[in-house]
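Trainee: Please take a close look at a single part of this structure, explaining each term for someone who has not met it before. Then relate that part to the rest.

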Amino acid sequence: MKRSECEFVFGGTFDPVHLGHLEIVKSIGELAPSCKIRLLPCAIPALKGKPQTSFQHRVNMLSLVAKDYPNVSIDQREFKRCEKSYTLDTLVELQRESSNKLNVFVMGADSLATFESWYRWQEINQFCHLLIFNRADNNDYQLDKLVAAAGFSLVDHLEDLTSKASGLALLHTMPDMPQASSEIRKAIQAGIGLDSLLPQSVIEYISRNHLYESE
């Protein structure tokens, strides 16, 4: 990506952070080596149930893995709000803090199906571009329609995002998309081997703190 003043904003509950999340981080690093990645743990989800573990535990696990990626930072602002976490509020704050920076919001293609239920979703395209991670077997035509309905315009290359301050979207296909955190929590409760799902440091942290042992 030609413009160095850009940042990828990767939000989620990270309950827990898993190898799928790290594959996305690695992919972003390969796509845009000069850009920073901001991990944004959600404190109080607006559309999902309460996270199973505390915000501090989730941040601690993120910290364990983020130290291996020098371009990654962890932003805890949503915890400081003490209210529901809304993507729009965070994007507005980020633009206010650095108006010349390109903010690229990272999301999975599955989230597009619920995009119109997000808080003030019609305004989000004014404050960011989208990098959408897509499953290889997803219907591209359907995704194109969802992107347009969300108010974004598709581009073919990452460099194209520099042509505007916001409102563009890029689809990036991954052969193996991340497994849902809810499925990983079930695997922990069932005592199933976790080496293929979680980083070793996170496995040890979960064991040491007796996390996810029950619903």
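Mentor: The answer starts with one helix and one of its residues, then turns to a cavity and to the cysteines.

The model is predicted: local features need pLDDT of at least 70, side-chain atom pairs count only at pLDDT 80 or more, and totals for chains, interfaces and linings use all residues. Residues are numbered from 1 along each chain as its sequence is written, and side-chain values use heavy atoms, with hydrogens and water left out.

Helices (H or I, at least four residues) and strands (E, at least two) are DSSP runs numbered from the N terminus. Helix H7 spans residues 181–190, and its buried residues are Ser181, Ile184, Arg185, Ala187 and Ile188. These residues lie on the same side of H7, because they cover an arc of only 155 degrees around the axis. The arc is that of the directions from the helix axis to the C-beta atoms, and buried means under 20% relative accessible area, with a 1.4 Å probe and protein chains only. An α-helix has 3.6 residues a turn, so residues three or four places apart point the same way. The buried residues of H7 pack against H1 and helix H8 (200–208). After H7 comes Gly191, with a positive phi near 75 degrees.

Arg185 belongs to helix H7 and counts as buried at 18% relative accessibility. Leaving aside residues up to four places away in sequence, Arg185 touches Asp15, Pro16, Gln52 and Tyr212, where contact means heavy atoms within 4.5 Å. Asp15 is 170 residues from Arg185 along the chain, yet their C-alpha atoms are separated by 8.2 Å.

Helix H1, against which H7 packs, also takes part in a cavity lining: H1 and helix H2 (55–66) each supply at least two residues to the lining of the largest cavity. A cavity is a set of points on a 1 Å grid over the protein atoms alone where a 1.4 Å probe fits but cannot get out, and lining residues have an atom within 4 Å of a point. The structure holds one cavity of 30 Å³ or more. The volume of the largest cavity is about 50 Å³, counted as the space filled by probe spheres set on the points, which are joined across faces, edges and corners. Its lining includes Phe10, Phe14, His21, Leu62 and Tyr69.

Finally, the cysteines. One disulfide is found in the whole structure, a disulfide being a pair of cysteine sulfur atoms within 2.5 Å. This disulfide joins Cys6 to Cys35, with an S to S distance of 1.8 Å. Cys6 lies in strand E1 (residues 6–12) and Cys35 in the loop between helix H1 (19–31) and strand E2 (36–41), so the pair ties together parts that are 29 residues apart in sequence. Cys6 is buried at 3% relative accessibility, and Cys35 is buried at 2%. Cys128 is buried as well, at 0%, but its sulfur is 13 Å from the closest cysteine sulfur, in Cys6, which is too far for a bond.

Key:
Buried < 20%, exposed > 50% of the residue type's maximum accessible area, 1.4 Å probe, protein only. 1 Å grid on protein atoms, 1.4 Å probe; cavity = no way out; pocket = protein on both sides within 12 Å on 5 of 7 lines; lining within 4 Å.
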